[in-house]
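Please look through the sequence and the structure shown below, and keep both at hand while reading the report that follows.

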Amino acid sequence: MGMEQLLEKASTYMKEQDLERIREAYEYADEAHRGQLRKSGEPYILHPLAVAEIMVQMQMDVVTVEAALLHDVVEDTTVTVEDVRGIFGETIAGLVDGLTKLEKIQFRSKEEQQNENYRKMFVAMANDIRVILIKLADRLHNMRTLKFQSEESQRRIAHETMEIYCPIAHRLGMSAIKWEMEDIALRYLNPQQYYRIANLMKKKRTEREQYISELVDKIREKLEEMGIQGDISGRPKHIYSIYKKMTERGKQFNEIYDLLAIRILVDNVKDCYATLGIIHTLWKPMPGRFKDYIAMPKANMYQSLHTTVVGPTGEPTEVQIRTWDMHRTSEYGIAAHWAYKEGKDSGNVAGSFGDKMNWFREIIELQQETRDAAEFMESLKMDFFTDLVFVFTPKGEVYELPAGAVPLDFAYRIHTEVGNRTIGAKVNGRIVPLDHKLKTGDIVEILTSKHSYGPSQDWLKVAQSSHARAKIRAWFKKEKREENVAKGRDAIERELKRLGLEPSEWMTDDKLLEAARKFTFNDTDDMMSAIGFSGITAAQVVTRLTEKLRREAEEAQQIQLTSEVKEVRAPSAAANRPRTSSGVRVKGVDNLLVRFARCCNPVPGDPIIGYITRGRGVSVHRSDCQNLPTAAEGEEAQRVIEVEWCEEVEASYSVEIEILGHDRRGLLNEVLQTVSESKTNIAAVSGRSDRNKVAIMHLTILIRNKEHLQNVVDKIKRIKDIFSVQRLMQ
């Protein structure tokens, strides 16, 4: 889609001055990204344009569309947040800043940097939900163009999408984006299962569509008799949802009947229930398969009636009934409730949908109570990205909790003081222990006492939600400061003694204060108290205290390493010997023990590199081996050495390959015969079949070089029912 098509779509709900603002944002982004290309070779501006298109499709406000066009200018060009603020204003600058990764700050590891990026994004999201709406559209377009990335990047991005972005889309009720991202991610994480299900669906779809069509005609006829206007259609299930049913419930594909569901859209709620009555009159409902999400909406605002009936041929058939407004909410979730429709221009969650999505506020609380970005992400996944249970107060109020929650989590979700004064709980009128697992539909009553002594340390183990644990730790921090300070000192002493260090030498006032400041505490007592209530660990503090000692040890080790490397690199008199028995020559060095790394099993033709081991000569790896620290700095980088294949190599090399295919009689025999006909020796064979009828075969073969290996792989791929053949690296 080009800029003119974007404006044409936006003109269906925006004013002329809004369209002019969008054009200005596009021209600014186009100029900033000029000369930049994506991995596909296309101009970079096509990416922000695609993100803006998704925003327009959701009918988002003009500010969101502008920010979508500008979302990468700060991260990928010389433009700064101040530049954006000066031209487009504070709101758009805030959105762009929330979407910009922390690239210029130094982090200890890639993982720490990623966690800090997530933390920044979620905090920005809690302040303005439009940040995450744009980010989801950005991720969706990146998933659509994932084929241009390397295989390693494809799997990493797909895994990250499933772990972080799909749960966010689900919590926001944005099913259209969630389903598409899940299907694409599955295609790269488990391609054989994805294509197998897709092919099986294609074969079965014709007969299912005919069956659904007959049911739709019958429903339409009855609705017309009752004077109800409705749009009726068959909705195909998404590939990932079928895959999930197969794996979680242990079902085969032919045991899944609801590949197509019937969806009925009507004008109002009254017609929803009237239509439900018609459906249950036509066909018998299946017990326990009716769900009323209109009377009790899901946490992500989803509303619909779901019922499963036994159709005319005896097959279970799912029917979904909802209004047009409910359908829009089911597709676009919170975006369908956006503030511009109510005459507002604020992204703050305190708007009309704030009460329905109060988990945003909990994210802000979590950010304030959690020091470490990794802990923040772990807590977020635990509380917000897991399955949920919905429980009631005795007055009928609904609370959502993470799956596995206990009454203690419920108590702290109601109010901090209720949690602190808890002495017991009743579930469905029966007294239960505080570690009782709650189920959806439970009525929970918390028993409290003004004379309660407050939380016990055991509650930190009992509570399942990070929200409750944070409140319990806060109580200990405030109420038992002196006790926690003493516990903290004892813990540091024990840790130092465990390491064979003298506490009196290391626990001086100066050293403890220096360590406290590194953790951003005001004084030593604050740090000791934090150890006492499990905010940080004694091991973390001792690591800070002994940094200088470890640095000196590393310097001594570096001196020893340098002498080792110099000794190995010193050229010998026979440095130009043309061949070695291994088939590999170490440049400029002779008479060295050379061995091939088992983790990647290099063969002639592979780009290779050497690594000087301690006492075992030079280990030869493939250049792309993940176990080779070629990108490392310091001592590890000094151990890397250049090696090369000899011009003529007559040795055989062991390579393990994995073959995936549809499990059928004689498949393994065909594979073995094909390998044998290629004049290739087989050193080992193993195979198995999973519950989805996928045959998994591992062959260890002896080959001469990379061309020989490719020839064998190509021949195996030509065998009927083979899905994939790949070389394995341990």
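## An exposed isoleucine

In this predicted model, Ile431 has a relative accessible area of 59%, and because the cut-off for an exposed residue is over 50%, Ile431 counts as exposed. The residue is found in strand β10, which covers residues 430-432.

When its neighbours within four places in sequence are left aside, Ile431 is in contact with Ala425 and Lys426. Another isoleucine, Ile446, is 15 residues away from Ile431 in sequence, and the C-alpha atoms of the two are 9.8 Å apart in space.

## A covered strand and its partners

Strand β14, made of residues 608-612, is mostly covered, since 5 of its 5 residues are buried. In a regular strand, side chains alternate between the two faces of the sheet. In β14, Ile608, Gly610 and Ile612 point one way, while Ile609 and Tyr611 point the other way, and all of them are buried.

Which strands pair with β14? One partner is β15, residues 618-622, which pairs with β14 in the antiparallel sense over 5 bridges, and here Ile612 stands opposite Val618. Another partner is β16, residues 640-641, which runs antiparallel to β14 and is joined to it by 2 bridges; in this pairing Tyr611 of β14 stands opposite Val640 of β16.

## Aromatic rings

A pair of aromatic rings is described by two values, namely the distance between the centres and the angle between the planes. A search of the whole structure finds 5 aromatic pairs. One of them is formed by Tyr194 and Tyr195, whose rings are 5.1 Å apart, centre to centre, with 90 degrees between the planes, an edge-to-face arrangement. How buried or exposed are Tyr194 and Tyr195? Tyr194 is buried, with a relative accessible area of 11%, whereas Tyr195, at 45% relative accessibility, counts as partly exposed.

Trp645 and Tyr653 form an aromatic pair as well, with ring centres 5.7 Å apart and planes at 85 degrees. Because planes over 60 degrees apart count as edge-to-face, the pair of Trp645 and Tyr653 is given that description, and both of these residues are buried.

## A lysine over a ring

The ring of Trp506 has a charged residue as its partner: Lys511 lies over the face of Trp506, at 4.4 Å from the ring centre.

Key
Residues are numbered from 1 along each chain as its sequence is written. This is a predicted model: local features need pLDDT of at least 70, side-chain atom pairs count only at pLDDT 80 or more; totals for chains, interfaces and linings use all residues. Side-chain values use heavy atoms; hydrogens and water are left out. Buried means under 20% relative accessible area, exposed over 50%, partly exposed in between (1.4 Å probe, protein chains only). Helices (H or I, at least four residues) and strands (E, at least two) are DSSP runs, numbered from the N terminus. Two strands pair if DSSP finds at least two bridges between them. Contact means heavy atoms within 4.5 Å. Rings of Phe, Tyr and Trp (its six-membered ring) pair if their centres lie within 6.5 Å; planes under 30 degrees apart count as stacked, over 60 as edge-to-face and the rest as tilted. A charge sits over a ring if NZ of Lys or CZ of Arg is within 6 Å of the ring centre and within 35 degrees of the ring normal.
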